[in-house]
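Thanks for making the time this morning. I would like to walk you through a structure that is new to most of us, so please have a look at the sequence and the model before I start.

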Amino acid sequence: MTEIDLWLLPLLMALLVGVLCPVTGTLLVTQRRVLQANLISHAVLPGVAVAVAMGVDPAIGGVLSGLLGSLLAERLQRGQSAGQEAVINTVLAGFLGLGVLLIPLLNLRLDLEGLLFGDLLIVDWSDLTRVLVAAAAMALLLLTRYSQLVFLGVDPEGAQASGLPVRSLQLLQALVTSMVIVSAMAAVGVILVIGLLCAPVLPGLRRVGSLRAAMVQSACVGLAVSAIGFLLAVPLNLPPGPLIGVVCMALLCLPKLKLAP
């Protein structure tokens with residue numbers, strides 16, 4: 001790896017993830033499905049472990065496992081008139097626990113800390129390719145389903161009553177969300193990614209007039225958050241992923257910051 005790759009590639013990775021995650025998070029926040037994304041981020045671990053054991057690309061296993069966790073939670077929620085958040089959190093804990101157990105059971109040598117919290121300084125071009133693939137999937141979703149996504153975010157009951165294929169649309173969105181989360185593992189890990197999905201979306205969300213404007217605004221904020229976190233990590237000799245997570249929290253603590261309800 002050249003000197004340019006050593007610093008430029010991690011910075012490029014941080015910036016791309018800083019744009020992609022908030023764009024994805026805008027959909028999740030407006031549709032009130034952030035908890036579902038948190039479930040997906042934890043549910044990828046068993047799939048990553050199984051994929052490594054089988055010699056398959058861990059990203060494939062992570063995406064499938066995250067999607068499976070989301071589908072299981074959706075299925076278990078159908079019979080629950082209340083306590084749906086409890087179902088999601090229980091499935092989340094179950095998948096995370098299963099992933100941790102599979103590592104010793106399959107006799108795997110995995111950097112669990114790097115998987116959970118990210119390690120930008122060891123990313124390579126394959127990690128960057130995964131982010132670009134996830135970005136292409138999100139772009140395709142927005143280009144083909146934008147008006148439906150707006151309807152679903154504004155009036156989910158009305159979207160269902162009008163005959164919009166809500167279940168299929170949510171499944172497609174869960175698939176793309178899984179791809180985004182897995183692609184961001186190298187940068188911020190599956191635990192800290194939820195901060196980058198949410199924090200850049202909140203400032204000024206009430207002041208924008210459209211979903212498109214909200215995405216552009218959150219992408220700009222996420223870009224700044226990732227850049228600040230990475231550039232602070234270099235002189236402080238600290239891991240960039242956790243520092244980006246701290247910057248996300250600090251963003252919400254700024255005085256007079258107007259957050260979405």
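What percentage of the 261 residues of the protein chain count as buried? In this model, which I should say at once is a predicted one, the share that counts as buried is 48%.

Let me begin with the overall fold. The protein chain has 11 helices and zero strands, so that reading from the N terminus every element in the order α-α-α-α-α-α-α-α-α-α-α is a helix. Its radius of gyration is 18 Å, close to the 18 Å that the globule rule gives for 261 residues, and the chain is therefore as compact as a globular protein of that length. Along its principal axes, the C-alpha trace spans about 55 × 45 × 30 Å. If we take the contacts with a separation of 6 or more, residues 24 or more positions apart account for 77% of them.

Now to the interior. The largest nonpolar core has 50 residues, and those that touch the most other members are Met 13, Val 17, Cys 21, Leu 120, Met 138, Leu 196 and Leu 197. Several helices give two or more residues to this core, among them H1 (3-30), H2 (34-54), H8 (166-183) and H10 (211-236), while H6 gives the most, with 10 residues. There is also a second, separate core of 10 residues, which includes Val 44, Val 63, Leu 116 and Val 190.

To make the larger core more concrete, consider Leu 120 and ask which residues it touches, leaving aside those up to four places away in sequence. Leu 120 touches Pro 10, Met 13 and Ala 14, then Ala 186 and Ala 187, and further along the sequence Phe 230, Pro 240 and Ile 244.

Turning to the outside, the protein chain exposes about 12700 Å², of which carbon and sulfur atoms supply 68%. As for charge, the mean positions of the 13 positive and 12 negative charges are 15 Å apart.

One last residue, Ser 147, lies in helix H6. Is Ser 147 buried or exposed? Its relative accessible area is 55%, and because exposed means over 50%, Ser 147 counts as exposed. Ser 147 and Leu 211 are 64 residues apart in sequence, and their C-alpha atoms are 9.7 Å apart in space.

Methods: Residues are numbered from 1 along each chain as its sequence is written. This is a predicted model: local features need pLDDT of at least 70, side-chain atom pairs count only at pLDDT 80 or more; totals for chains, interfaces and linings use all residues. Side-chain values use heavy atoms; hydrogens and water are left out. A nonpolar core is a set of buried Ala, Val, Leu, Ile, Met, Phe, Trp, Tyr and Cys residues joined through side-chain atoms within 4.5 Å. Buried means under 20% relative accessible area, exposed over 50%, partly exposed in between (1.4 Å probe, protein chains only). Helices (H or I, at least four residues) and strands (E, at least two) are DSSP runs, numbered from the N terminus. Contact means heavy atoms within 4.5 Å. The radius of gyration is taken over C-alpha atoms; the globule rule is 2.2 Å times the number of residues to the power 0.38. Accessible areas come from the Shrake-Rupley method with a 1.4 Å probe; for residues, only the protein chains shown count as cover. Lys and Arg count as positive and Asp and Glu as negative; His and the chain ends are not counted. The place of a charge is taken as NZ of Lys, CZ of Arg, CG of Asp or CD of Glu.
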